[in-house]
Amino acid sequence: MILNKNQKIYIYLFGIFSLVISSIIGENSSGGSKIDNEITRQFIDNFLISFDNGIKYFINSGQVQSPLFYVLASIIEKTLGVTFLKYSYLFISSIIPAIFYISLKKKFTGINKDILFLLSLIIFFSPYFRSSAVWVTTDNFAIIFFILSVNKYLDFEKKNSNQNILLCILYISIAVYIRQYYVIFFLLYFLKFW
């Protein structure tokens, strides 16, 4: 199988287009993202009132995640509107398969790149990924930084440099700050770099 550059672009754009359609129809294929969005919405709305109000609400809620996502979302919404926030998050989420493809190419150098490209597009079929993209939850935001950390780790394996280590740790730290369950990878990196 040989895919030319234009074919890859069209296939990738079709994946993004499918997310836009999913957003229009309100797809909630994971089952929980719509409810998560309602919870997220409360945090964003409180940060829209004021930063102090948002922090007080955040602390009083007993939330275990960081407020970073809610603060950023409220700034974007206040500045550019809720529609811009929704669709920009959708497009930001759509870079996950691209970063995954880059990582696959680094790890599996002897495998046909067309196969790796098609494998990376499987993410577009994930109900969890799709619902998070459509309902603006924190999950895809954390996944982006997790995959970036893996990408830098793969660079470190090829070229043992301090820059790769620092970027790897920075990206995984941001991922952990957004979604704490990535901390296990932080510990694995620590053991590897130590």
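The lining of the largest pocket is made up of 12 nonpolar, 2 polar and 1 charged residues. This structure is a predicted model. The pocket holds about 240 Å³ of space. Its lining counts 15 residues. Closest to the centre are Phe 100, Ile 123, Phe 146, Ile 147 and Val 150. Three elements each give two or more residues to this lining: α6 (96–107), α8 (127–135) and α9.

The second largest pocket holds about 150 Å³. Ser 23, Gly 26, Asn 37, Arg 41, Ile 44, Val 82, Leu 85, Lys 86, Val 134, Trp 135 and Val 136 line it. Here the elements giving two or more residues are α2 (33–49), α5 and α8.

| Pocket | Space | Nonpolar residues | Polar residues | Charged residues |
|---|---|---|---|---|
| Largest pocket | about 240 Å³ | 12 nonpolar | 2 polar | 1 charged |
| Second largest pocket | about 150 Å³ | 6 nonpolar | 3 polar | 2 charged |

Helix α9 contributes to the lining of the largest pocket, and helix α5 to that of the second largest pocket. How do these two helices meet? Helix α5 spans residues 82–93, and helix α9 spans residues 138–158. Their axes come within 10 Å and cross at roughly 35 degrees. The crossing of α5 and α9 is left-handed. On the α5 side, Tyr 89, Ile 92 and Ser 93 make the contact. They meet Thr 138, Asp 139, Asn 140, Phe 141 and Ile 144 in α9. By class, the residues of this contact are 4 nonpolar, 3 polar and 1 charged.

Key:
Residues are numbered from 1 along each chain as its sequence is written. This is a predicted model: local features need pLDDT of at least 70, side-chain atom pairs count only at pLDDT 80 or more; totals for chains, interfaces and linings use all residues. Side-chain values use heavy atoms; hydrogens and water are left out. Axes are lines fitted to C-alpha atoms, for helices over the stretch in contact, and angles run from 0 to 180 degrees between N-to-C directions. Helices (H or I, at least four residues) and strands (E, at least two) are DSSP runs, numbered from the N terminus. A crossing is left-handed if the near helix is turned anticlockwise from the far one by less than a right angle, and right-handed if clockwise. Contact means heavy atoms within 4.5 Å. Ala, Val, Leu, Ile, Met, Phe, Trp, Tyr, Cys and Pro count as nonpolar, Asp, Glu, Lys and Arg as charged, and the others, Gly among them, as polar. On a 1 Å grid over the protein atoms alone, a cavity is a set of points where a 1.4 Å probe fits but cannot get out, and a pocket is an open set with protein on both sides within 12 Å along at least five of seven lines; lining residues have an atom within 4 Å of a point. Grid points are joined across faces, edges and corners, and a volume is the space filled by probe spheres set on the points.
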